[in-house]
Amino acid sequence: MAVLAASYFAVAGGFLLQYFELPVGFLETKFLSIVCFLGAGFLMGCGISMRYGRKVPLAALVLACGSGLAAFLWFMYGQPNLTWRILSVNFALGAVSLIIFAELLAVQLKSPVDRLLMWAAMLTALNFVVRTLVIVWLQGGYESYDGLYTSLYWTTALLTHAFLSLMVALCLLTASAIDALRDLRAQAHLADVDRQLVQQDQRRLPAEQFPDGLGARRRHQFVRFPNPFVSRLPGEGVRDLAPRRLRVNVLAHMAPIGRVGILPVEGRDPDLA
């Protein structure tokens with residue numbers, strides 16, 4: 001969620017730089033604004049991929065954002081053209097949206113919120129590509145920044161961005177809330193199962209059967225004989241042949257049975273491992 005929040009902060013910085021000019025220069029300020037927009041798209045792709053446990057498609061995201069930034073620089077300094085700068089940035093962001101759509105499409109067991117987020121990514125891609133092409137075709141392109149911020153392109157860009165950003169944010173917050181509720185429900189179920197097991201255990205062998213006060217945890221103990229011969233059993237001074245690593249189940253306060261058998265807890269030899 002921190003990566004997604006950083007993405008929204010980057011978008012806000014990009015729009016802010018569109019309306020103010022830094023001391024570095026007018027075109028340089030616009031370049032920084034585009035860096036913020038493309039960086040926001042990159043962070044959004046990384047954040048959504050990590051949110052659903054997918055491997056982050058770094059190569060695809062870097063290629064999309066890097067190509068858009070390189071085209072923007074070319075049409076800013078190499079062959080200045082504002083229309084192509086607009087198209088290059090929008091195409092790059094549209095490619096990022098398609099990458100996000102492909103990542104969400106590969107997620108298994110999608111909830112309705114996940115599906116809504118997936119189609120919001122597709123709608124965002126269409127907004128960046130189709131809307132921009134249609135408006136540029138209708139208005140014939142732009143020669144300078146004079147009048148750009150009052151044009152149909154910029155007005156629709158602000159409106160659609162506000163709507164789609166709000167939709168994506170609500171989808172992500174809702175999905176996170178559903179995951180949190182699912183985790184709490186699972187923890188409550190495990191706690192209920194554990195409580196039922198404890199109650200069954202107490203009913204099967206109440207703690208009152210253990211006068212030593214150690215409770216049901218001590219009702220089964222194991223004595224392990226690592227040597228091939230047992231020289232002395234607790235409570236008896238016998239020497240008897242026993243299998244290596246013999247494990248004897250010890251029940252509390254029961255007398256020994258035979259020469260190798262059930263041993264009393266109090267008489268357990270501390271030398272036996």
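**Figure 1. Phenylalanine 26 and its contacts in the predicted model.** In this predicted model, phenylalanine 26 is in contact with Glu21 and Tyr145, once its neighbours within four places in sequence are left aside. The residue belongs to helix 2. Is phenylalanine 26 buried or exposed? Its relative accessibility is 34%, so phenylalanine 26 counts as partly exposed.

**Figure 2. Helix 2 from end to end.** Helix 2 covers residues 26-51, which makes 26 residues. How far apart should its ends be? At 1.5 Å a residue, helix 2 should span 38 Å, and its end C-alpha atoms are 37 Å apart, so the two values agree. Look just past the helix for glycine 53, which follows helix 2 and has a positive phi, near 70°.

**Figure 3. Serine 33, a buried residue of helix 2.** Serine 33 has its place in helix 2. With a relative accessibility of 0%, serine 33 counts as buried. Which residues does serine 33 touch? Not counting residues up to four places away in sequence, they are Gly14, Leu17 and Gln18.

**Figure 4. Isoleucine 48 and its partners from other parts of the chain.** Like serine 33, isoleucine 48 lies in helix 2. Its relative accessible area is 4%, so isoleucine 48 is buried. If we leave aside neighbours within four places in sequence, isoleucine 48 is in contact with Leu4, Ile100, Leu104 and Leu172. Take leucine 104 from that list: 56 residues separate it from isoleucine 48 in sequence, while the C-alpha atoms of the two are 8.3 Å apart in space.

**Figure 5. Helix 3 and helix 4 side by side.** Helix 3 takes in residues 58-78 and helix 4 takes in residues 82-105. Their axes come within 8 Å and cross at roughly 175°. Because of that angle, helix 3 is roughly antiparallel to helix 4. Which residues make the contact? Helix 3 contributes Ala60, Leu61, Ala64, Cys65, Gly68, Ala71, Phe72, Phe75 and Met76. From helix 4 come Trp84, Arg85, Ser88, Val89, Ala92, Ala95, Val96 and Ile99. Sorted by class, the contact of helix 3 with helix 4 has 14 nonpolar, two polar and one charged residues.

**Figure 6. Methionine 76, on the helix 3 side of the contact.** Methionine 76 is found in helix 3, and it is one of the residues that meet helix 4. At 4% relative accessibility, methionine 76 counts as buried. Which residues is methionine 76 in contact with, leaving aside its neighbours within four places in sequence? They are Leu27, Lys30, Phe31 and Arg85. Now find glutamate 28: it is 48 residues from methionine 76 along the chain, and their C-alpha atoms are separated by 9.8 Å.

**Figure 7. Arginine 85, on the helix 4 side of the contact.** Arginine 85 lies in helix 4. Is arginine 85 buried or exposed? Its relative accessibility is 7%, so arginine 85 counts as buried. Not counting residues up to four places away in sequence, arginine 85 touches Phe72, Phe75, Met76, Pro80 and Tyr145. Tyr145 may look familiar, for it is also in contact with phenylalanine 26. In sequence, arginine 85 and leucine 69 are 16 residues apart, and their C-alpha atoms are 9.2 Å apart in space.

**Figure 8. Cysteines without a disulfide.** How many disulfides does the count come to? The count comes to zero. Cysteine 46 shows the reasoning: its closest cysteine sulfur is in cysteine 65, 8.6 Å away, and that is too far for a bond, because a disulfide needs two cysteine sulfur atoms within 2.5 Å. With a relative accessible area of 8%, cysteine 46 is buried. Cysteine 171 is buried too, with a relative accessible area of 4%.

**Figure 9. Stepping back to the chain.** To place these close-ups, follow the chain along its sequence: the pattern reads α-α-α-α-α-α-β-β-β-β. In other words, there are six helices and four strands. The chain has 273 residues, of which 38% count as buried. What share of contacts between residues at least 6 apart in sequence join residues at least 24 apart? In this chain the share is 59%.

Note on methods:
Residues numbered from 1 in each chain as written. Predicted model: local features only at pLDDT ≥ 70, side-chain atom pairs only at ≥ 80, totals over all residues. Heavy atoms only, no water. Axes fitted to C-alpha atoms, helices over the stretch in contact; angles between N-to-C directions. Helix = DSSP H or I, 4+ residues; strand = E, 2+ residues; numbered from the N terminus. Parallel < 35°, antiparallel > 145°, perpendicular 65-115°, else oblique. Contact = heavy atoms within 4.5 Å. Nonpolar A, V, L, I, M, F, W, Y, C, P; charged D, E, K, R; others polar. Buried < 20%, exposed > 50% of the residue type's maximum accessible area, 1.4 Å probe, protein only. Expected span 1.5 Å × (residues − 1).
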